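Student: I'd like a close look at one part of this model. Could you take me through it and then place it among its surroundings?

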Amino acid sequence: MSDMQTVLGEGTVQIEFDESFYPKDAIYGAAYVFIDRCYVHLDRAGDKRVRVTLRAKNASTADSKSFAGELENELLGQAWRLSIASENRQLIESITARALGGAAGPPGLDELLAMDIDEATAFDDPLGIAMSWEEKYKKKGGSSEETRAAGSTLGDDDETTRVPPVVPVASPATDETEKAT
Amino acid sequence: MTFVTLGQKPVAPPDLVPVRFRDVAGDVLLTNPWGDWTFVSKTEFADLTRGKLDTASELYTRLGDKNFLRSKIDADKVAAELRHKKRFLDYGPNLHMLIVTLRCNETCVYCHASRADMDAVHTDMTPEIAEKCVDLALQSTSPAITIEFQGGEPLVAFDIVKHVVQYALQRNRAYGKELGFTMVSNLSLMDEEKLKFLVGHKVQICTSIDGPIELHTKQRVLVGGSSYLQAVRWIEKINKAYIDIGLDPTLYHVEALLTTTRDALGKPREIVDTYINLGCRAIFLRPVDPFGFAEKTRAKIEYDRAAYRDFYRTAVEHILDYNRRGEQVLERYAAIFLTKILQGDDPNFLDIRSPSGSGVGALAYNYDGKIFTSDEGRMMHETGDDSFVIGDARTATYRGLMKHETVRALVMASIREVQPDCVSCTYAPYCGVQPEHSHRTQGTIFGRMRESTLCSVHKGIQDYLFEKLREDDPKTVEILRRWTTVRERTHFVHASAAS
Amino acid sequence: MIELRFHEELYDGFAIDEAVKLYEPYAAFTLVREPGGYIVKIEGRPESEGGADEALVAAELANYALGKTIERSRAATPATGEAKAAADDDATKEAA
């Protein structure tokens, strides 16, 4: 069973814990919360164990026990938040895109004119939208990736059935994003 | 060592939608993700956790009527209601706070770090900066804009106030917004000429009243005078001026705001009596907040939020008593939450919505042109924390402000439905917490709600309101419903056609 | 002299480099790479030469290195979807 070990000093706290309970991002996030009040150091304390050291910037007014408790609570909160965010990523993106898109509104003429579109980039076509189907999935001289993506064996005539690769359908979030920009 | 058997793993009836639950008033309050609510007895709740729901029962019918059963939900209707409730997402900031000066002639015990002495003229907003602020505000995607004058004491920089009003009205001819103005003032520098302008240009006036005269004058020091008597004198004059131009006094009157300090906690009834005697129809029982100067005087004025909750209950009971005797007066916090709970609507109070209004609902423009996601963000700037600066009125573009990474971070941090604790809180559909508050008190814009004083206040208020709804006294419920009725103050709106 | 040890699994080497560069005016630094991490040796410079207390420099450097490590680790992970991309475009150009 893992345990969390806490060592309190005058204006300092050292907490050691099993990192399998807390993703690295949670450890970073929790430690960072103290960066205005403390000097923070992370270290390994053995296999799969992390030690966080907090040293109060103002030792005379620091409450080490309170820092320790806060850090433990923040670790839990950060870990849980990462889990919730991961499960609800689409919801977060959707709400955020809608809020920012609604607030920002469409770009004005000045902004469109200021966009980095010139002769070199104007005809970039990363998704191959402007390309004809035949050109994209040509029978002869096509790359092996294209033929695999086509999903069937090649034949010598146009009647060979080809299965085009799956094209991702824009999600509502993406649509809002398109509107926003 | 004693082992406690936790019992069977709960199993919900398959037809039940995801619910959150909380013990309230001896029963169990259930809410669903779209804001419907119902009470069930503890026995009924225990049955639900064992997957039992008799389709012939009254409970089944009730749950079906309130969108708690998948098989009975009209998904299109619920989706439309949710879209309506969250319509504020489609619009940018409607509230634009202009801090026209930091100079102030009063010294208030809880004052935020936005006050300078009367000779600090360098803290007056220049006309050029004021115009830039108005230009940005009018570019908001919100069809309705309110420009709110704050300070310091905005009457100190009245020339700038006048300039902003006139400039905004003129510029709005091109934008066509529904434009409104409000001013938060201690009223001690008011005179007939200023009053004539403000009333003539439909500027709504708000002031602070901390309670009975002795409490107010102790907390709000006006050198050479009584801050309370001055405020009351002008409240009466302004209210009379509204009557003189034919406005309904029950709708048009000076709004007053309370900041509940430690000294106020022992006087809930006296504070309510004071407000009602002044003709106020709404009382906003705001707890003290942690920004600015208030931090330095925290030892004198701060308090445990349990004490605030007791104060709140006593004060609101007293307000309800007035209502039962025929006085029409509401408590603002309650009205905000009840609008969501009883009407299924959102009044768009920026500090109690998800995501919060930081940046996307409101902007604060400091006298020097710096722009902030909120007035709280601006107050933190005054004490050295620039986390919430997002631009300068002289150089910023509107869309640039809305696309600022800080605005994005605050939006994401304030989506309550996906934050620890809020994710399983019964009040998540109605609640909201300002991320700047969490940053100030806990060092993180996400916040740890169990340690948040704001969360504690919001939970306390909602517990109280749901207790009242559980009691289901018809007269009380009728009063609470009436508090959700919105009577638009159309007089204060400069409609676009008229600008 | 103060020695700061940064475990390579917890700190980014480039972040440490950046931190050292930032605080170079205040102290003399020696960086050593060893198995498992990085060592930063800090020797204070006299105040008359623009230096600062080496303990303070060490502490501030460690905080900065942590912040930069976090920044780099976030930049390295895929952005949180379309919302970030949508809002990001001109934010840095237009923010005052």
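Student: Let's take the two domains of chain B: how many Å separate the centres of domain 1 and domain 2, taken over C-alpha atoms?

Tutor: The centres of domain 1 and domain 2 of chain B, taken over C-alpha atoms, are 39 Å apart. Before going on, keep in mind that this is a predicted model, where local features need pLDDT of at least 70 and side-chain atom pairs count only at pLDDT 80 or more, while totals for chains, interfaces and linings use all residues. As for naming, residues are numbered from 1 along each chain as its sequence is written, and chains are lettered from A and ligands numbered from 1 in the order in which they are written.

Domain 1 of chain B covers 20-85 and domain 2 covers 91-392 (bounds from an automatic or database domain assignment). Where they touch, four residues of domain 1 of chain B are in contact with five residues of domain 2 of chain B (C-beta atoms, placed from the backbone, within 7 Å). The domain 1 side of that contact has one nonpolar, one polar and two charged residues. Here Ala, Val, Leu, Ile, Met, Phe, Trp, Tyr, Cys and Pro count as nonpolar, Asp, Glu, Lys and Arg as charged, and the others, Gly among them, as polar.

Now zoom out to the whole of chain B. It has 19 helices and 16 strands (DSSP runs, H or I of at least four residues for helices and E of at least two for strands, numbered from the N terminus). The C-alpha trace spans about 70 × 55 × 50 Å along its principal axes. Its radius of gyration is 24 Å, which agrees with the value near 23 Å for a compact globule of 499 residues; that radius is taken over C-alpha atoms, and the globule rule is 2.2 Å times the number of residues to the power 0.38.

A few backbone details of chain B are worth a stop. Within domain 1, Asn67(B) has phi near 65 degrees, a positive value in a residue other than glycine, and sits in the loop between helix H2 (58-65) and helix H3 (75-85). Further along, the peptide bond from Gly151(B) to Gly152(B) is cis, with omega near 25 degrees. Gly152(B) belongs to the loop between strand E6 (144-150) and helix H5 (158-175) of chain B. Another cis bond runs from Ser354(B) to Pro355(B), with omega near -10 degrees, and Pro355(B) is in the loop between helix H13 (332-343) and strand E14 (362-365) of chain B.

Next, helix packing. Two packed helices are described by the angle between their axes and the distance between the axes. In chain B, helix H12 (305-324) and helix H18 (453-471) pack at about 35 degrees with their axes 10 Å apart; axes are lines fitted to C-alpha atoms, for helices over the stretch in contact, and angles run from 0 to 180 degrees between N-to-C directions. The H12(B) and H18(B) crossing is right-handed (the near helix is turned clockwise from the far one by less than a right angle; anticlockwise would be left-handed). Among the residues making this contact are Tyr308(B), Tyr312(B) and Val316(B) of H12(B), with Val457(B), Ile461(B) and Tyr464(B) of H18(B). By class, the H12(B)–H18(B) contact has six nonpolar, three polar and three charged residues.

Then there's the neighbour. The contact between chains takes 24 residues from chain B and 24 from chain A. On the chain B side, helix H15 (398-402) and helix H16 (405-413) each supply at least two residues, and H16(B) gives the largest share, three residues. That chain B side has 13 nonpolar, five polar and six charged residues.

Inside chain A, the axes of helix H1 (24-32) and helix H2 (64-87) come within 8 Å and cross at roughly 135 degrees. That makes H1(A) oblique to H2(A); angles under 35 degrees count as roughly parallel, over 145 as roughly antiparallel, 65 to 115 as roughly perpendicular and the rest as oblique. H1(A) passes H2(A) in a right-handed crossing. The contact of H1(A) with H2(A) has seven nonpolar, two polar and two charged residues.

Chain C has its own helix pair: the axes of H1 (13-23) and H2 (54-76) come within 8 Å and cross at roughly 140 degrees. H1(C) and H2(C) are therefore oblique to each other.

How values were computed. Two residues are in contact if their C-beta atoms, placed from the backbone, lie within 7 Å.
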